[in-house]
Amino acid sequence: MSKAAMGDAPLLQVEDLSISLPPGAERPLAVEKISFELARNEILCVVGESGSGKSMSANAIMGLLPRPHVHPVAGAIRFEGRDLLQLSEVELRDLRGSRIGMIFQEPMTALNPLMRIGEQISEVFDAHGLLTKRERKARVVELLREVGLPDPETLGESYPFRLSGGQRQRVMIAMALALEPAILIADEPTTALDVTTQAQILQLIKSLQERHHMAVMFITHDFGVVAEIADRVAVMQFGKIVEMGPARKVLNDPQHDYTRRLIAAVPHFEPPDRRSLEGPPLLSVKSLEKTYVTERGLFTAGRRVPAAQAVSFDIKKGETLGLVGESGSGKSTVGRCIVRLLESDSGEIRFGEIDLARLKGRALRPHRRHVQMIFQDPYASLNPRSKVGTIVAEGPMAHGTDRATAMARAAELLRLVGLDATAAERFPHEFSGGQRQRIGIARALALDPELLVADEPVSALDVSVQAQVLELLAEIKQRLQLSMLFITHDLRVAAQICDNIAVMKLGRIVEYGPTRRVFKDPQHSYTRELLSAVPGRHWSIPEVSVEAERQAVRS
Amino acid sequence: MQKLSFIAKRLVKAVFVLLAIVVLNFFLIRAAPGDPAQVMAGEAGAADEIFIAQLREQFGLDRPLHEQLLIYVGGIVTLDMGYSYRQQQPVADLIFDRLPATLILTGTAFVISILLGVLLGALAAARVGKWTDSLITVVALVFYATPLFWIALMAILLFSVQLGWLPGFGMESVGAGYSGFQRVLDVLQHLVLPATTLGLFFMAIYARLTRASMLEVMDMDFVKTARAKGLPPGRITRVHVLRNAILPVITLAGIQAGQLVGGAVLTETVFAWPGIGRLMFDALLQRDYNLLLGVFFVSSAMVILFNLVTDVVYTLVDPRIELK
Amino acid sequence: MSTAAASPRSAQAQAFRDFWKRFARNKGAVVGVVILLAVVVLAAVAPLIYPQSPWSMVQRPFLPPLAVDGFLFGTDTLGRDIGAGLVHGARISLLVGIVSTVVALTIGVTIGALAGYYGGLLDDALMRFTEFFQTIPNFALAIVLVAIFQPSITSVIVAIGIVSWPPVARLVRGEFLSLRSREFVQASVVLGQSNLQIITRQILPNTLSPVIVMASLMIAQAILLESSLSFLGLGDPNTMSWGYMIGAARTVIRQAWWMSFFPGVAILLTVLALNLVGEGLNDALNPRLARKGR
């Protein structure tokens, strides 16, 4: 990994770069006096949490900052003997796409929906006045093949909506590589993708980088990804680079307190030993079936998409069952059937004496309190027009508790999840993502449920906040003797908090057993594929001592 | 082929909507205060006993309601919309005589409004925040707030009465006896004021929508991709932004078609343009309900037809149509 | 994130100040409010400044503006004071605009809410119904309705209400559809709240902003529609309105421009003001259009 030493002078030098934010933002500068270098033939990972300024730095190099409010106010970006900040828009345009390529986070929206794939790629040649029409066509096919897309001739003629997210990201990479740029900037290019697709795209970027001797600036929030591909790492916090060095050094022996905290918050891939639970099941799901039927038109037959097929599992008192799988595996559907947000087609959802699947409407409502749900998106899961106290008290009130009692209970619960008493009088927008997730947990607890269904409860949160919320869940579960169905795509998180795991693919459970057994000795080929796709699985996270850990508790 | 099935679906829907309008017409006549036969014949006193009896017979007004409905629908399907007692002519003949004039007027106004509107909207969006943008925005805002009939009157006052540049009355010069190319020129001259005034209001709508839609598209990820490719701004605006921004404009054009017909009633009234809008006004003055409902039906049919056309255009522009 | 708990009243005052700040940033909107206030005041004091009926003949006909003291806007073909017509016409315009918008909102919100919340067949049926009304040329339908039910304030209001509700229904349905699948609404389903509670407490309050914005624009459109109807002679025969004044003066436009000019300006200003206010409300209530910096 000493490729960096190969090149003589660095390819790109960022010197004391500062970027302004619009007036009224939480801080005056998005990026403050950052300096770093990018050498030929290396992958530099810029890592940080949301709002750290990592994307801004990348966009500044491309000259793609959302002007006029956000613009570089000081510093220099040297590339091939010129300062990019001093170039005119026309000169910059010449460099974009030809010497510096860029790919983005959202492959679903990064392509023009009205233009054929091939056209969008050959536009790059057009923009820089290269190649004849026929040559362009041939080159497009060549590029699509190089990024591993099947049947490149026909694919070039398709529109983006026919492609999956992973395929679209490959198209974006093909586009960025079209003119063999010296630098590829990748802004969270795998964040929106499933884990197996992510592994493939990471592999692709790495192999292309090696083959074309490119320099890659890779923006990410995920230390697993860093461990997977980085040669060097820069860690950003509040617009500053707090630590920079070779990947091995930063990952295994972090110096800065913030880096240490971030690394300590990454869940270990190794599941801990857990005692097996005894006793009868609290929830017993038997042969649950759910098929989505798309609307049938006058001339078109409805399409049937099976989302749950013969799904069976048990959850004992105090147990956490992890339901893991990629998007479209049906894991959320199963969760939603159990809390009865969705009607299952057949099968049993036995909770004690009753079969929840059979109850409907008014008969169901009193039984809802036994099973409560925690949602994924902290910004969408709280009514923006209700006060936090009301949000938490609404459940008991719907079940006949009087307002005063319910509000008193709400205040108690808010304290339990670590918020202070004044929270009840405030509105959701006054809280951060992690705090909102705590409010969501308090709301679920208000009905004294026996089972919690948590649907990706931490995947929208930054890693340090994620660790705190997971800790809170574990603590509450322990204290209140709750059972939990934990739905997640993140195998690291599942490893740490689940007693048992059920792996889902295309609506079926393909493997089901104790977490440690499933991780150590996976039986199904899909489980093995999933496990091997987890980024940075060979990196054993160092046990770093973290001072002042409590500092961030309020987030 | 999914496009074809999409269009076929719309076609079937259009037929149903037409039928529904016929049924609505039927019930409107019966909902009016007074004897339906009297209503059909027009304001009391205009109709004589024999005619009323004839109407009763023809529409089976003594029979049960559902039979009446069948008779009525059957009539419309064979393009028999009844007889205008006041004008002493079948309603269908009256309408089809006047239809071409309305088509010329609304067609021209539509072309003016959409071309000018999209152009101005795109210009404003491209120069957002600059004085060009402010000027276009203000002009669009004012035209959007101006009553059509008043603009028409003011246009006559200025261009016809004061300046004497353009005729402000009728579709061609009375008694001039032009023929061939001269006649076309004459009609065109008469067309300028009504078509422009009718078009201006809609131009304002399209300009506002195009501007808003372009600004929204400019914020989208694929525009950033286009910039990252090194495309020049002009090309990004034309190829990436405008093409996507035009989609809601097409949808709106379909919805606005109905308004255009309504606007034609006012414009034709003011400019004495011999189309079905003017016919509707005459029917109003004479309380000639049969004629009124006939015009209403035909103009609805026009709108439905136009909606169908915008649907087809949409399928040509947006490849994702099969997802809908 | 201050921990100081503000008292609810001052919090409300603060919220209003924030709202006004966002609203006032749009200068056009402030101009709109000023014009609108002027129109409202004139309408309110109409009987005080012109105690006589606007129908009464008070001077000789065809009096140009400023030709005689006290007749700022001149007189019409029958010697009626145009100034009196203008201020009394403001009353009818505002009345019809507001009441017909209320009618349209009632129909539209109900249909949109039911369609968006319950979905499925009900949604299908209600949306076909809405599309049908949206397809029919709405001015032509309004003409037919008023003509058949005889011109009167009520028939004009009802007709405008009936032709104006489809956009409301579509907007509200769209909002309901998207809010229905939002997690906070799903949370209240899981908590066991009833449909009525969910609709009224969770969803409806969140659709308020776009509906308010739309309502202000609808009043403007309703005023235009009303004036167009009375221009064609379909206004209430007992009330003086701007559209009627222009319609009556249409044939003498060559001799007496002022008879149709001033009422038109009155319509233009009122409608423009309402549109400006609507845009200001949009800026203030839907701040998502504000630049997102990331």
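Let me begin with chain A, where six strands form an open sheet in the order 6-7-8-3-9-10, with mixed pairing. The edges are strand 6, residues 100-103, and strand 10, residues 240-246; each has a single partner strand, so one side of each is left without a neighbour in the sheet. Direction ignored, neighbouring strands of this sheet are turned against each other by 15 degrees on average. I should say at once that this is a predicted model, and that applies to everything I present today.

Consider one edge of the sheet. Strand 6 of chain A runs parallel to strand 7, residues 183-187, and four bridges join the two. Within that pairing, Gly101(A) has Leu184(A) of strand 7 as its bridge partner. A helix also packs on the sheet: helix 7 of chain A, residues 195-212, touches strand 3 (43-48), strand 6 and strand 8 (215-220). The direction of helix 7 makes about 160 degrees with that of strand 8.

At the other edge, strand 9 of chain A, residues 232-237, and strand 10 run antiparallel, joined by six bridges. Here Ala234(A) is paired with Met244(A) of strand 10 as its bridge partner. These two strands form a hairpin with two residues between them, and in this hairpin Phe238(A) takes a positive phi near 50 degrees.

I now turn to the contacts between chains, starting with chain B and chain A. In this interface, 27 residues of chain B are in contact with 33 residues of chain A. The two chains bury about 2600 Å² between them, and 60% of that lies on carbon and sulfur atoms. On the chain B side, the residues that lose the most area to chain A are Lys224(B), Arg227(B) and Lys229(B), which together account for 23% of what that side buries.

What of the polar component? Between chain B and chain A there are three salt bridges. In a salt bridge between Arg235(B) and Glu123(A), the side chains meet at 3.2 Å, N to O. The count of residue pairs in polar contact between these chains, both at pLDDT 80 or more, is 14. Helix 1 (2-31), helix 9 (221-228) and helix 10 (233-271) of chain B are the elements that give two or more residues to this side, and helix 10 gives the most, with seven residues. By class, the side of chain B that touches chain A divides into twelve nonpolar, five polar and ten charged residues.

The second interface of chain B is with chain C. Here 48 residues of chain B are in contact with 44 residues of chain C. The buried area is about 4100 Å², of which carbon and sulfur atoms give 76%. In chain B, Phe149(B), Trp150(B) and Leu153(B) lose the most area to chain C, together 14% of what that side buries.

For this interface, the count is two salt bridges. Lys13(B) and Glu131(C) meet through their side chains in a salt bridge, at 2.8 Å, N to O. Six residue pairs are in polar contact between chain B and chain C, both residues being at pLDDT 80 or more. Several helices of chain B each supply at least two residues to this side, including helix 6 (131-145), helix 7 (148-162), helix 8 (181-218) and helix 12 (289-317). The side of chain B that touches chain C comprises 35 nonpolar, eight polar and five charged residues.

Notes: Residues are numbered from 1 along each chain as its sequence is written. Chains are lettered from A and ligands numbered from 1 in the order in which they are written. This is a predicted model: local features need pLDDT of at least 70, side-chain atom pairs count only at pLDDT 80 or more; totals for chains, interfaces and linings use all residues. Side-chain values use heavy atoms; hydrogens and water are left out. Two strands pair if DSSP finds at least two bridges between them. Axes are lines fitted to C-alpha atoms, for helices over the stretch in contact, and angles run from 0 to 180 degrees between N-to-C directions. Contact means heavy atoms within 4.5 Å. Buried area is the accessible area (1.4 Å probe) that two parts lose on being put together, summed over both. A salt bridge is a side-chain nitrogen of Lys or Arg within 4 Å of a carboxyl oxygen of Asp or Glu. A polar contact is a pair of N or O atoms within 3.5 Å; within protein, one must be able to donate a hydrogen and the other to accept it, and residues adjacent in sequence count only if both atoms are side-chain atoms. Ala, Val, Leu, Ile, Met, Phe, Trp, Tyr, Cys and Pro count as nonpolar, Asp, Glu, Lys and Arg as charged, and the others, Gly among them, as polar.
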